[in-house]
Every structure is written in structure tokens, then in C-alpha cells.
Amino acid sequence: EETAKGAYGIPVVKDAVVATINENNPHLAFILKKGLTKNNFRDLWMLEKVKSWNEILNIKGSDRVSLYTRSDSCGAGETWAKYLGGKQEDLKGIGVYGDPGLVEAIKKDPLGVGYNNINYAYDPNSKKPVSGIRVCPIDINENGALDKEENFYETRDELINAIIKDKYPTPPAKILYFVTKGVPQNGIIKNFIQWSLTDGQKFVNECGYINIDQNIIKLELEKLK
């Protein structure tokens, strides 16, 4: 609908959404060792098939899952839903406004699970997960264990490296865009975009994002000509 009205997107960086849980979750060690599969996440947010951590992990007990989602329309919600095969409005859970709000909700709830953009899940200084939460790993090959090549959540830098190498799935990794009305014509704007796609790329990682592929950059620079 937006491109039909003249919106023109220029890919600039990559970002990613991760599942987040409370660091005091009673099953934390098991979750970090095992990981959750896409189907586990789908059963929680989309299908409402499971209600407890014990069902998800296939262990005895009845620790009910506290499921959170975003109450506001957002890229994180849409990206997470796309990963699970739906749209943001399909996601179930307690609605919380904004990335910071969702982090705070998970911090206060030992049985909580939500999702966040990586810049909110990790501390910008320590590069470790924000105090009070942990990033819930994905068992990508669904073999019931978090293999060495799937275990890259300890620091933001490890996760960014995994996204660069396409070890972390897309979605929930995603490309972020500049958007203009029509192909940019203004010289100053074009210069800024060109700088963002060239020299500006060296600042991407320190800002918590991921560089886009050089082939994409080359194509976009050609388009700007």
C-alpha cells in the first residue's frame, strides 16, 4: 500500500528480534541448554496450544507461562509474527506498549516471555543481556538441544556475528530502510544516503545494528545514480 503511494525504500542496516525471558525463570538452565523451537513459539503466541513452561520443556510441573506481546503497532511485533507465520494482530498475550515497556514487564515476571529488538535486549555498554532478562535461544534445527553452532546469545557481538553469517534466521532478523517519497532527487539527501551506504557503514555495529550485504549496497548505489 505504501509503495503504491510512492514510498521508496533504501535498505541501510539489519536488525533482529529475539525472544526474551526473566533471568530468574525456574527453568532457565534447561531453557538455555535446550532452546525453544519455532513450533514452541508458534504454539505459545499463535495457537495457544501450551499454557505452561513444563509443557514446552516436556517436564513435570505446572509453571504457567506469562505471555507478553506489544500493544502498539510496531516492526518488532510484525517481524516476530512473520517468523511464526502470521501478522502482529495474530499474536496472543498481554499487550505492553513499547520495547522498554516489554523489557520491564519481563523483568518483573519470573515466568514471563516476550520479544524485543536486540538493542533493547542487550546493554549497550557491557554488550550482555539487560540486567533482569535473558535472551531465549532458538533450537533452529529442532533436534531438542542447543548445538554449539546455535549458541550465540551470550553477548550482542556474538549474536550480530551470527546474523551476519546467516546463522540466525531471517525473519526474525530484518532489514531496516530509509523511506522517501519517490526516488530521492535532492542532492543533500542523496549524499547522505550514499554516505550511509559507504563510509557510514563502519558505525553500524557500534550502534547495535548489522551491516547489510555488499551486493545490496552496490545495487542501491546504482539505483541512486
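The exercises below deal with a predicted model of one protein chain.

Residues are numbered from 1 along each chain as its sequence is written. Because the model is predicted, local features need pLDDT of at least 70, side-chain atom pairs count only at pLDDT 80 or more, and totals for chains, interfaces and linings use all residues, while side-chain values use heavy atoms, with hydrogens and water left out.

**Exercise 1. Overall form**

Determine how the radius of gyration of the protein chain stands against the value for a compact globule.

Solution.
- The radius of gyration is taken over C-alpha atoms, and the globule rule is 2.2 Å times the number of residues to the power 0.38.
- For 225 residues the rule gives a value near 17 Å, and the protein chain has 19 Å, which agrees.
- Along the principal axes, the C-alpha atoms fill a box of roughly 65 × 35 × 30 Å.
- Nine helices and seven strands make up the list of elements in the chain; helices (H or I, at least four residues) and strands (E, at least two) are DSSP runs, numbered from the N terminus.
- Contact means heavy atoms within 4.5 Å. Among contacts between residues at least 6 apart in sequence, 71% join residues at least 24 apart.

**Exercise 2. The surroundings of β4**

Describe how strand β4 is covered, and state which strands pair with β4.

Solution.
- Buried means under 20% relative accessible area, exposed over 50%, and partly exposed in between (1.4 Å probe, protein chains only). In the whole chain, 48% of the 225 residues count as buried.
- β4 covers residues 112–117, and six of its six residues are buried.
- Gly112, Gly114 and Asn116 point one way from the strand, and Val113, Tyr115 and Asn117 point the other way.
- Two strands pair if DSSP finds at least two bridges between them.
- β1 (residues 7–22) pairs with β4 in the antiparallel sense over five bridges; here isoleucine 21 stands opposite valine 113.
- β2 (residues 66–70) pairs with β4 in the parallel sense over two bridges, with serine 66 opposite glycine 112.

**Exercise 3. Helix α2**

List the buried residues of α2 and elements that cover them.

Solution.
- α2 spans residues 38–45, and its buried residues are Asn40, Phe41, Asp43, Leu44 and Trp45.
- Their cover includes the strands β1, β2, β4 and β5 (133–136).
- The helices α3 (53–57) and α4 (75–84) are also among the covering elements.

**Exercise 4. Three residues**

Classify alanine 121, isoleucine 106 and proline 26 as buried or exposed, and give their contacts beyond four places in sequence.

Solution.
- Alanine 121 is in helix α6 (residues 118–121). Its relative accessible area is 0%, so alanine 121 is buried. Its contacts are Val18, Thr20, Asn116, Lys128, Pro129, Val130, Ile133 and Val135. The C-alpha atoms of alanine 121 and isoleucine 21, 100 residues apart along the chain, are separated by 10.0 Å.
- Isoleucine 106 is in helix α5 (residues 99–107). With a relative accessible area of 0%, isoleucine 106 is buried. Its contacts are Thr20, Ile21, Asn22, Tyr68, Gly112, Val113, Gly114 and Ile133.
- Proline 26 lies in the loop between β1 and α1 (28–34). Its relative accessible area is 51%, so proline 26 is exposed. Its contacts are Asp63, Pro110 and Leu111. The C-alpha atoms of proline 26 and aspartate 147 are separated by 22 Å, with these positions 121 residues apart along the chain as the stated spacing.
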